[in-house]
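Student: I've got a protein model open and I'd like to practise explaining the words people use for it. Can we go through it together?

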Amino acid sequence: MPKPEQIRMAVVGLGYVGLPLAVAFGRRWPTLGFDVNLARINELERHHDHTLEVTRSALQEATWLRFSADAGRLRDCNVYVVTVPTPIDAYKRPDLRPLEAASRTVGEVLSHGDVVIYESTVYPGATEEVCVPILERESGLVFNRDFHVGYSPERINPGDREHRLETITKVTSGSTAEAADFIDALYASIVGAGTHKASSIRVAEGAKVIENIQRDVNIALVNELALLFDRLGLDTQEVLAAAGTKWNFLPFRPGLVGGHCIGVDPYYLTHKAQQVGFHTDVILAGRRTNDGMGQHVARRVVRLIQKHDGHPPSCRVLVLGLSFKENCPDLRNTRVVDIVQELGEYGIGVDVHDPWVDPVQARQEYGLELVDAPGPAGYDAVVLAVAHHQFVAMGASGLRAFGKPGTPLFDVKGVLPGTEVDGRL
Ligand SMILES: NC(=O)c1ccc[n+]([C@@H]2O[C@H](COP(=O)([O-])OP(=O)(O)OC[C@H]3O[C@@H](n4cnc5c(N)ncnc54)[C@H](O)[C@@H]3O)[C@@H](O)[C@H]2O)c1
């Protein structure tokens, strides 16, 4: 394994996870940030990060950091950190193609003594069963003799200024005790919050995926309660506020579950479970409930419109927010599109406004034309779908002003006072 003074880092995949990591390593070690997307490399070389995770000054301060889309440049590195996407396919099965491609790229440049660390979220076993054979095949080297591997899951939360790479305990692991020590010390050098050295790569892989599953299932429970309480004529937020006064009642809230992690990662573990003939009833039931929430919101909005004597096919609804979470431009797997689609099923014309989102991306990924500046008094219902700070600051009266007089306001996120909205989850 490289001695500290010999370390030359490479970060493969410069997205939400890879870029902050490359910047942190690049303050401490010579670091090459590699990405197959040349446009991404070009913007980073201009010290611009469209994900808004890393500031211009932070990019300028990472003096040891270089960027390249040329895989040949990776040859000079000896510690590789892989941070490429791990999505699911149309059948909700793990799509390991980016991880396999990145492993091929690294395998081609791997040398004796090198270390490869995976950060992408996977299922227990993926690193050693899928990635290591590719590294061996491409490099002609022998695992745990010529090179070592580790897994250190990422826990950052896009848009969150408090929980950053440096302030979240980093779980680390390695393919041998020596590799685990090396990898743990490497992360300890950049993560102020410290590290937790797991006993194996599979333990570290399992830890990451269950963090997101735990959130998914807990949100699903609250979402199921929201569906029930709607039928019972109860306000879910009021029930949760009352129950939350008990010391051990967990503060989960109902809502849409989108994004690249929580709505996706459970399928990685359920896939692995299927391989060993185990049925993950609770996890998959949670997924089903959470995936149905957009449709539920749309139907409740339709009911509100009808209550206000509106005729859905001749109505227009304004949906505020498209990104999968507040104060961030990330559109991946946003479930707001389910609301838009279901409203469309009723013949309702829907305008979507989101000041955080790149309109070109919205068009390319979802075929949606964002409305840049919705006019006043033009809509038959207003749906606050994402609690961007701009929307919350407008308050219920500001949001209602987009609608015609008496227009219903639905607050998906439950951020406005219950007495000031017509419906919420
Ligand atoms: N975004 C999050 O909040 C978050 C949090 C924790 C863990 N994760 C996990 O981290 C991993 C990366 O997620 P992300 O959000 O950074 O993804 P992302 O889509 O933002 O970035 C991935 C980057 O990898 C690049 N890439 C794809 N294939 C490549 C290849 N073969 N070689 C080099 N570069 C390649 C892409 O061009 C892109 O720039 C995923 O497994 C994700 O589940 C994400």
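Student: Which residues of α9 meet which residues in α10?

Tutor: This is a predicted model, by the way. P266, L269 and T270 in α9 meet I283, L284 and R287 in α10. By class, that contact has four nonpolar, one polar and one charged residues.

Student: What makes R287 the charged one there?

Tutor: Arg is in the charged class, along with Asp, Glu and Lys, and R287 is on the α10 side of the contact.

Student: How do you describe the way α9 and α10 cross?

Tutor: Two packed helices are described by the angle between their axes and the distance between the axes. Here the axes of α9 (residues 265–275) and α10 (residues 281–291) come within 10 Å and cross at roughly 145°. The crossing of α9 past α10 is left-handed.

Student: Zooming out, what is the secondary structure of the protein?

Tutor: You can find 14 helices and 13 strands in the protein.

Student: Why is the protein called as compact as a globular protein of its length?

Tutor: Put two values side by side: the radius of gyration is 23 Å, and the globule rule gives 22 Å for 425 residues. Those are close, so the protein is as compact as a globular protein of that length. If you like boxes, the C-alpha atoms fill one of roughly 75 × 50 × 40 Å along the principal axes. As for burial, 46% of the 425 residues count as buried.

Student: Why is L141 called partly exposed?

Tutor: Count its neighbours: L141 has 17 C-beta neighbours inside 10 Å. Buried needs 20 or more and exposed means 12 or fewer, so L141 falls in between and counts as partly exposed. You'll find L141 in the loop between α5 (126–139) and β6 (148–151). Leaving out residues up to four places away in sequence, L141 touches L110, H112, E136, D146 and F147.

Student: And why is D309 called exposed?

Tutor: D309 has 8 C-beta neighbours inside 10 Å. The cut-off for exposed is 12 or fewer, so D309 counts as exposed. D309 sits in the loop between α11 (293–307) and β9 (316–320).

Student: What makes the phi of D309 worth a look?

Tutor: Most residues other than glycine have a negative phi. The phi of D309 is near 65°, a positive value, and D309 isn't a glycine. N144 is another non-glycine with a positive phi, about 65°. N144 lies in the loop between α5 and β6.

Student: Is N144 buried, partly exposed or exposed?

Tutor: N144 has 13 other C-beta atoms within 10 Å. Exposed stops at 12, so N144 is partly exposed.

Student: How do you know that R66 is partly exposed?

Tutor: R66 has 16 other C-beta atoms within 10 Å. Buried starts at 20 and exposed ends at 12, so R66 is partly exposed. The strand holding R66 is β3 (residues 65–68). Beyond neighbours within four places in sequence, R66 is in contact with L32 and G33.

Student: Last one: what surrounds the ligand?

Tutor: The ligand has 29 residues around it, and the closest are G13, G15, Y16, V17 and S120. Helix α4 (residues 97–109) gives the largest share of that shell, four residues. By class, the shell has 14 nonpolar, 10 polar and five charged residues.

Note on methods. Residues are numbered from 1 along each chain as its sequence is written. This is a predicted model: local features need pLDDT of at least 70, side-chain atom pairs count only at pLDDT 80 or more; totals for chains, interfaces and linings use all residues. Helices (H or I, at least four residues) and strands (E, at least two) are DSSP runs, numbered from the N terminus. The radius of gyration is taken over C-alpha atoms; the globule rule is 2.2 Å times the number of residues to the power 0.38. A residue is near a molecule or strand if its C-beta atom, placed from the backbone, lies within 6 Å of it. Axes are lines fitted to C-alpha atoms, for helices over the stretch in contact, and angles run from 0 to 180 degrees between N-to-C directions. A crossing is left-handed if the near helix is turned anticlockwise from the far one by less than a right angle, and right-handed if clockwise. Two residues are in contact if their C-beta atoms, placed from the backbone, lie within 7 Å.
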